[in-house]
Amino acid sequence: MRAFGMYNYLHLDSWYQDNVYFVDQFGRVMNLSVTLDTALQKPREVFRLPTDLTACDNRLCASMHFSSSTWVTLSDGTGRLYLIKSGKRGSSTSEKWEIVFNEELGSPFIVAHSVSFVKSDAHSLAVLLLRVEKDELDTKGSGFHVTLEWVTIAEGKEGDHRYEIIKRRVLQGKSVPHYAAIEPSGDGLMIVSHKPFTFMQSESDKLEENDDAKASNEKKDPLYYWQQTEDDVTITVHLPQDITRDDIKIRFSPDNICVTLKDQPPLMEGKLYSSVDHESCTWIIREDKSLEISLIKKNEGCRWTELIIGDTRGEFIMDPSQCSEIAESLMHLTSEVMNPNPDKEKPPCNAQELEECDAFLEDGASLCRFDGDSLKVTHIINLGSNQYLFSVVVNPKEMPCFCLRHDVDALLWQPHSDQPENMWEHIATFNALGYVQASKQDKKFMACAPDYSYAALCECLRRVFIYRQPTPLATVLYNRKEGRQVGQVAKQLVATLEANDPILGFQATSERLFVLTTKTLFLIKVNAGN
């Protein structure tokens, strides 16, 4: 339902924001541009799909995405992908859509996202294709699975400007993603979904993984064991049979340790988790031919979480008495009764106090970032109760932003794939939008202005709700209940369309809203131009 029934048939060209496009039932790509503040030019055909869509029974809606200021990716809904060089769009003199690549890629799909980039001096495009397919093995669930195919198409090096597919990767999951976008560099992929996605492996990848698993199983036994008290740390290492006391060399320093057997590379070496009194550290060989090293902590009572920073070859053994101490220290966080202290200043959250509109079905979505080379997850964030609301392109050179509900508000987040330490930046807040949108049971689409000046949503029929950001007041206004002066007021507007046709598309710019129905395209002026 979300993938196809809630599909937005109206496409805003973020590179030239006064232009919108849609594909009609005859496969014509139609463009409409704003000429005056609230006037649209006549629909202009810029391209026509070669496929006769009326002759195809088992097809999806045609879909498109603007990869750059001069490139467009287009699907006819039958399983064929087109790469189109469009020229400068929005101008009838310079805009000329020319097919550069087209190929049948299997079962029908819609284009979820695409990017254009240059790598190794060759122009490339990465396209994300969304499919919902029957799953014969799923007998207990819905009987379907969702696939995201990540296709990379590059210009040939022969100088003939031909484009060909150089890489195809497929992710599979059990829910339609809320958000899926390729990084501008083509090196990674971000997905927000209710259920996780994983890459489908080729046979060669499976063989390599099996070899890695065998290698890891051979090294499964820990190299050393360690225990700790408040005062010291004890390390135990099992020695080979031919090792004597003279073969062992141990070097202690305040922050480091190095253990060497015979003339071999160091058995243990690295920076300790915390400082030790190196002059008091000792070692002995026990009767069972194991090496026991005693480290005296310089900071008594400090609990170490690892022995040597970054070394995972050892195993920590916790004393039963320490387990009891930790359990007792956490006892105050648990209770056998629901709310043992109702008079407490900050009582725990009571789900019964939530209103019906606050509940939403798909809580527990996650945000994942996949690396394009290793095909593994590099970042994962559990969104919990932060409900996904919508996505918007603020800067077409960046990834699309996504909006999440945080308590009653809605927060807009901008992904930065080139900043691993600050990969998601909070750029805007829409006060109370999280709460307000939850009460709109018939909502179909949500959007916001790229300059964050307003957010908007529409219902399936007729009504459009606009929520402006707070603005300063020209006159003095006081809160009637509290008596304090109010400096800013946020306005909410409702527009009712003069048509009863279903709404099929909805897009927002900094000044206008575009609303597409089955018969009409409406233009709503929201903000005055600069």
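The turns below ask how some salt bridges in this predicted model are recognised and where their residues lie.

User: What kind of model is this, and how are its residues numbered?

Analyst: This is a predicted model, in which local features need pLDDT of at least 70, side-chain atom pairs count only at pLDDT 80 or more, and totals for chains, interfaces and linings use all residues. Residues are numbered from 1 along each chain as its sequence is written, and side-chain values use heavy atoms, with hydrogens and water left out.

User: Why is the pair Lys-119 and Asp-187 called a salt bridge?

Analyst: A salt bridge is a side-chain nitrogen of Lys or Arg within 4 Å of a carboxyl oxygen of Asp or Glu. The closest N and O atoms of Lys-119 and Asp-187 are 2.3 Å apart, so the pair counts as one.

User: What does the pair Lys-119 and Asp-187 tie together?

Analyst: Lys-119 lies in strand β10 (residues 110-119) and Asp-187 in the loop between β14 (179-182) and β15 (188-193), so the pair ties together parts that are 68 residues apart in sequence. Strands (E, at least two residues) are DSSP runs, numbered from the N terminus.

User: What makes Lys-119 partly exposed?

Analyst: Buried means under 20% relative accessible area, exposed over 50%, and partly exposed in between (1.4 Å probe, protein chains only). Lys-119 has 36%, so Lys-119 is partly exposed.

User: Is Asp-311, which forms a salt bridge with Arg-313, buried or exposed?

Analyst: Asp-311 has 13% relative accessibility and therefore counts as buried, whereas Arg-313, at 41%, counts as partly exposed.

Methods: Helix = DSSP H or I, 4+ residues; strand = E, 2+ residues; numbered from the N terminus.
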